[in-house]
Amino acid sequence: MNNSSLNLNARYGFIAVLIASILWGTTGTAASYAPNLSPLAIGAIAMGGGGLLQALLAYKKILFHLPQIRSYLPVLLIGIISVAIYPLAFYSSMRMAGITIGTVISIGSAPLFTALLEKFFDKKALSKKWFISFVFGIVGVLLLSIGESHSEISTQTIATDQKTFGIALGLIAALTYSLYSWAAKKMIDRGVDSKASMGLIFGFGALILLPTLFFTGSNLFDEPINLYVVIYMMLIPMFLGYLLFGYALNSISASTATTLTLFEPLVAALFAILLVGEQLALIGWIGMILIFVCLTVLSNNK
């Protein structure tokens, strides 16, 4: 494949991750319509249900690759366990440390973890453009989150110990997000079809996630809106979003893909402003600009 074809595929991968980030950015707004449903239940059924759908969609390709499963089994297990842990850690982090801190730690740290995984396990060098884009992106997410929190009226106080534990959970969420992205990319690089790779990781991860609904989803059927919300999140952000993410991993690195997903908090903030009526302080708008700078730099990263 020549350089022009590779560059074109990378562009398509870039666009696919941005579309996925837009879909993921709707989850906060969607969840706000089911305030009585536990965020842990939403995360479990959305990611678990979406994972099962991915496995069903790719079952023929999964069966084709199963005879070679021993060659990628350790990587697959890492991905499965990470998928099961990620949504529980992410939503718990936001509940215990606050939305602002939980978001910044969980989403902002993931690209760095992924880059370190690629550097130490895949011996990939980190480009200066990636580092510059990452700095712009993480500062942008931080300012955006601060801008959102400054515009909210809240009397809630969070104990220091609880906040510390929430930060730790945010780091676990970031690490597991990085691990399943890296694992999927490793399997794809070893010749496993992208749909089969994502279907295996998310399908088996779903078998671990969905049973947690027994403890967190007792009121799932109390109101019709609860079902509407989780069905939307299962089909659109999680199923379609991760299909796009898996497609992108065919042509771009996991570190680039996770850095591009810094676009997600920006989309989430815009939906919250336009549909939920939330306000954003000036510092938050500056953060948005920095995230756009991050994407611009990364889009020119060869």
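## Two annotated spans

Residues 12–145 are 85% helix and 0% strand in this predicted model. The C-alpha atoms at the two ends of this span are 29 Å apart. Residues 165–298 are 81% helix, again with 0% strand. Here the end C-alpha atoms lie 33 Å apart.

Both spans come from a UniProt record. The unreviewed entry places the feature "domain: EamA" at residues 12–145 and 165–298.

## Aromatic pairs

How many aromatic pairs does the structure hold? The count is 16. One of them joins W24 and F245. Their ring centres are 5.7 Å apart, and the planes meet at 55°, a tilted arrangement. W24 sits in helix α1, which covers residues 3–24. F245 sits in helix α11, which covers residues 224–248. The pair therefore ties together parts that are 221 residues apart in sequence. Both W24 and F245 are buried.

A second example is the pair of Y177 and Y180. This pair is also tilted, with 5.5 Å between centres and 55° between planes. Its setting is local. Y177 and Y180 both belong to helix α8, residues 160–189. They are three residues apart, about one turn of the helix.

Are Y177 and Y180 buried or exposed? Y177 has 5% relative accessibility, so it counts as buried; the cut-off is under 20%. Y180 is buried too, with a relative accessible area of 1%.

## An aromatic cluster

Ring pairs also connect into a cluster. Its members are W24, Y86, F90, Y91, Y177, Y180, F202, Y242 and F245. The residues of both pairs described above, W24 with F245 and Y177 with Y180, appear in this cluster.

## A nonpolar surface patch

The surface carries a nonpolar patch. Its residues are Y33, I225, Y228, L270, L274, L275, V276, L282, W285 and I286. Together they have about 1,000 Å² of accessible area.

Which elements give two or more residues to the nonpolar patch? They are α11, α13 (263–276) and α14 (282–299). The largest share, four residues, comes from α13.

Y228 is one of the patch residues, and its place is in helix α11. With a relative accessible area of 55%, Y228 is exposed; the cut-off for that word is over 50%. Helix α11 thus holds the exposed Y228 as well as F245, which is buried.

Key:
Residues are numbered from 1 along each chain as its sequence is written. This is a predicted model: local features need pLDDT of at least 70, side-chain atom pairs count only at pLDDT 80 or more; totals for chains, interfaces and linings use all residues. Side-chain values use heavy atoms; hydrogens and water are left out. UniProt positions are given in the numbering used here, feature names are shortened, and annotations may be inferred rather than shown by experiment. Rings of Phe, Tyr and Trp (its six-membered ring) pair if their centres lie within 6.5 Å; planes under 30 degrees apart count as stacked, over 60 as edge-to-face and the rest as tilted. Buried means under 20% relative accessible area, exposed over 50%, partly exposed in between (1.4 Å probe, protein chains only). Patches are made of residues with over 30% relative accessible area and no salt bridge: like charges are joined within 9 Å, nonpolar side chains (Val, Leu, Ile, Met, Phe, Trp, Tyr) within 5 Å. Accessible areas come from the Shrake-Rupley method with a 1.4 Å probe; for residues, only the protein chains shown count as cover. A salt bridge is a side-chain nitrogen of Lys or Arg within 4 Å of a carboxyl oxygen of Asp or Glu.
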